[in-house]
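Here is a small set of exercises with worked solutions. Have your viewer ready, try each task, then follow the steps.

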Amino acid sequence: MNNPNQAEPDFLADGRLSRRNIMLGGGLGAIALAGMVLAAPGTAQASENIQRPTKVPGRGPGPMPASFVQVKGGEFARDGRPWRFGGTNCYYLHASSHYMIDSMLNNAAVMKMQVVRAWAFNDDPNQSNALQPAPYTYPEDNYDSLDYTVYKAGQLGLKLVLPLVNNWPDYGGMKQYVSWFLGLPDDSYGDGVNHDRFYTDDKIRKCYLAYADHVINRKNRYTGLRYRDDPTIMTWELANEPRNRSDKSGAPVLAWADAVSRHLKTSAPRQLVAIGDEGMGMEPAGSSDYPYSN
């Protein structure tokens with residue numbers, strides 16, 4: 001029987017995180033994990049002791065996802081067998097430090113979650129870490145956090161769902177494309193007449209698809225794999241919560257989703273593609289947010 005006065009180690013003999021480590025956020029304090037030394041913020045050696053993965057082809061220690069997730073007979077499947085999972089959403093990993101990414105994904109793994117949804121866009125020209133601060137402009141250094149998120153998730157055996165643009169103005173969003181190409185003011189939270197040009201304007205669609213192709217085909221600095229070839233990425237989402245308030249029939253979104261999803265499946269044939277919508281509710285047509293209320 002364990003001595004109740006003896007501090008529990010961060011890791012058990014079989015390599016699992018201990019209860020103490022779980023309570024500490026999967027790695028707060030100075031602990032060793034997956035070949036990296038993490039130091040708590042504020043400690044004298046925090047900046048010196050953090051060892052980053054080497055930027056060379058090939059994965060470091062940890063499981064390589066065995067296969068791409070598929071859909072068969074109306075069910076998700078892994079390695080040819082039906083697969084059900086629990087997961088969570090954490091939108092900010094693409095703009096976070098390695099330390100925060102480690103903490104969040106370690107905790108997800110400890111909680112036995114298998115899928116994490118994290119944003120793969122930032123089109124806000126006012127943010128220094130934007131992934132696309134201007135049309136067709138992709139600063140390589142700004143992709144470090146996204147690369148590391150994919151790497152870290154793969155080390156933990158997690159799958160990722162990655163949306164490629166935001167319906168809302170946060171991190172740029174569809175309104176930023178409308179501003180770039182049409183010079184129209186944002187009405188994302190209004191009737192959406194300007195916002196909804198995102199779905200129909202050819203110049204906007206060309207820029208959006210170019211960005212999607214850039215992300216899908218980029219080579220991850222930590223894994224040596226192109227995103228399209230990494231089974232860690234389960235699903236590409238066309239957008240985060242796409243809405244079309246100016247035409248409540250949903251026809252423009254449906255036509256847009258059909259066209260761009262076909263393009264994405266050509267670019268990433270082994271990965272799943274989803275719209276990223278919230279589903280169709282049953283509210284009457286006169287409700288303020290029909291058909292998104294449910």
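**Exercise 1. Find the residue just after α4 that takes a positive phi, and describe the helix before it.**

Step 1. Glycine 157, just after α4, has a positive phi of about 75 degrees. This is a predicted model, in which local features need pLDDT of at least 70 and side-chain atom pairs count only at pLDDT 80 or more, while totals for chains, interfaces and linings use all residues. Residues are numbered from 1 along each chain as its sequence is written, and side-chain values use heavy atoms, with hydrogens and water left out.

Step 2. Helix α4 covers residues 144–155, twelve residues in total. Helices (H or I, at least four residues) and strands (E, at least two) are DSSP runs, numbered from the N terminus.

Step 3. From first C-alpha to last, α4 reaches 16 Å, close to the 16 Å expected at 1.5 Å a residue. The expected span is 1.5 Å times one less than the number of residues.

Step 4. Twelve of the twelve residues of α4 are buried, so the helix is largely enclosed by the rest of the structure. Buried means under 20% relative accessible area, exposed over 50%, and partly exposed in between (1.4 Å probe, protein chains only). Among the buried residues of α4 are Asp144, Tyr148, Tyr151 and Gln155.

**Exercise 2. Which side chain makes a polar contact with the side chain of lysine 152?**

Step 1. Lysine 152 is located in helix α4 and counts as buried, at 1% relative accessibility.

Step 2. Its side chain makes a polar contact with the side chain of asparagine 106, at 3.2 Å. A polar contact is a pair of N or O atoms within 3.5 Å; within protein, one must be able to donate a hydrogen and the other to accept it, and residues adjacent in sequence count only if both atoms are side-chain atoms.

Step 3. Lysine 152 and asparagine 106 are 46 residues apart along the chain, and 8.9 Å separates their C-alpha atoms.

**Exercise 3. Trace the parallel pairings from β7 through β8 and β9 to β10.**

Step 1. Strand β7 (residues 115–117) runs parallel to β8, with three bridges joining them. Two strands pair if DSSP finds at least two bridges between them. Arginine 117 has valine 161 of β8 as its bridge partner.

Step 2. Strand β8 (residues 159–163) is joined to β9 by four bridges, again in parallel. Proline 163 has glutamate 237 of β9 as its bridge partner.

Step 3. Three bridges join β9 to strand β10 (residues 272–274), and these two also run parallel. Here glutamate 237 stands opposite alanine 274.

Step 4. Now check burial. Five of the five residues of β8 are buried, so β8 is largely enclosed by the rest of the structure. Lys159, Val161 and Pro163 point one way from β8, with Leu160 and Leu162 pointing the other way. In β9 (residues 233–237), five of the five residues are buried, so β9 is largely enclosed too.

**Exercise 4. What is the strand order of the open sheet of three strands, and which strands stand at its edges?**

Step 1. The order is β3-β4-β5, with antiparallel pairing.

Step 2. The edge strands are β3 (70–72) and β5 (81–82); each has a single partner strand, so one side of each is left without a neighbour in the sheet.

Step 3. Strand β4 (residues 75–78) pairs with β5 over two bridges, and alanine 77 has proline 82 of β5 as its bridge partner.

**Exercise 5. Is asparagine 194 buried or exposed, and what is it in contact with?**

Step 1. Asparagine 194 lies in the loop between α5 (173–182) and α6 (202–217).

Step 2. Its relative accessibility is 18%, so asparagine 194 counts as buried.

Step 3. Leaving aside neighbours within four places in sequence, asparagine 194 is in contact (heavy atoms within 4.5 Å) with Val178, Leu184, Pro185 and Asp187. A polar atom of its side chain lies 3.0 Å from the backbone oxygen of proline 185.

**Exercise 6. How many helices and strands does the chain have, and what percentage of its residues count as buried?**

Step 1. The chain has seven helices and ten strands.

Step 2. Of its 294 residues, 47% count as buried.
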